[in-house]
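User: Could you take a close look at one part of this structure for me? I'd like to hear about the open sheet and how its strands are arranged.

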Amino acid sequence: MRIHVGCEMTYDFVQDTPVVTMLNVHASRFSDLERPDYLLTVPAVPLEGYRDTFGNWCNRLVAPAGRFTLKTDTVVRDHGNGDMTDTVARQEEVRSLPVDTLLYLLGSRYCETDRLSQTAWDLFGAMAPGWARVQAICDYVHDRITFGYEHSRPTRTALEAFEERRGVCRDYAHLAIAFCRCLNIPARYCTGYVSDIGLPLPHAPGDFAAWMEVFLGGRWHTFDPRNNSPRIGRILIAYGRDAADVPLTLTFGPNTLVDFRVTTEEATPLTT
């Protein structure tokens, strides 16, 4: 399957403003790209690329005062089978976890494990460790939170999402991640493209999405408490401890986002 993905963001800046972007497809999918998803700007400005602490690809630039656009575009080859499942994947004891997963057991800016620990153990502590426990967490979060873009708030934490029972995909992910970490399951926050391929029409306008990856049975697995069902064309951009680590754009000055477009749709097959 060929999936066309990309985005275009237009801002008004009141002055020259440093910006860091995280808009390129993650390195784990580089071999699936039909062409590089170079970041383009209008007007053109110099870019400096680098990898952050988690290995995500970032671009650093200075946006000039006035109207400024960021855009990227590519076609990704995908197996088209949707998210993979492994219902027998086991939860490993903390003593046996790889050292690079231990960071994802700790509390973070949006995932207050200290304040949610007792709740997590009360809700899920009696369940057998492993895939079924993580899926039960996703089921609970999916049912507890009411989705709505009007509920979006950039400062909402996992605890606040639990108490307010509303939010957007990042809030679902933060709460599920916090519960997993409370139960000694490494979990990390992911952002990227999620398509509506295979779902009934009409499809909602394109948007970026948040989900989580959980370490079970010696590898990372995808779970999506917002949609809570396998999706075709999930394409990772970046991962970290929570949303604070993976902002799509980080701007160091006043600005207004005046246009925002995301494309994630099936592309026509290549003819031979």
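Analyst: A quick word on terms before we start: two strands count as paired if DSSP finds at least two bridges between them. Keep in mind, too, that this is a predicted model.

With that in hand, take strand β1, which covers residues 2-13. β1 pairs with β14 in the antiparallel sense, and the pairing runs over eleven bridges. If you want a spot to click on, try phenylalanine 13: its bridge partner is asparagine 255 in β14.

Now zoom out to the whole sheet. This is an open sheet of four strands, and reading across gives the order β3-β6-β1-β14, with antiparallel pairing. β3 (40-42) and β14 (255-266) stand at the edges with a single partner strand each, so one side of each is left without a neighbour in the sheet. Going from one strand to the next, the twist averages 15 degrees.

Elsewhere in the chain there's another antiparallel pair to look at. Strand β9 (residues 187-193) pairs with β12 over five bridges, and cysteine 190 has tyrosine 239 in β12 as its bridge partner. As for β12 itself (residues 235-240), this strand is mostly covered, with six of its six residues buried.

And since you may be scrolling past the helices anyway: the axes of α2 (residues 131-144) and α4 (residues 169-182) come within 10 Å and cross at roughly 145 degrees. That crossing of α2 and α4 is right-handed. Among the residues that meet there are Val134 and Ile137 in α2, and Leu175 and Phe179 in α4. By class, the α2 contact with α4 has nine nonpolar residues, one polar and no charged ones.

Methods:
Residues numbered from 1 in each chain as written. Predicted model: local features only at pLDDT ≥ 70, side-chain atom pairs only at ≥ 80, totals over all residues. Heavy atoms only, no water. Axes fitted to C-alpha atoms, helices over the stretch in contact; angles between N-to-C directions. Helix = DSSP H or I, 4+ residues; strand = E, 2+ residues; numbered from the N terminus. Left-handed = near helix turned anticlockwise from the far one by under 90°. Contact = heavy atoms within 4.5 Å. Nonpolar A, V, L, I, M, F, W, Y, C, P; charged D, E, K, R; others polar. Buried < 20%, exposed > 50% of the residue type's maximum accessible area, 1.4 Å probe, protein only.
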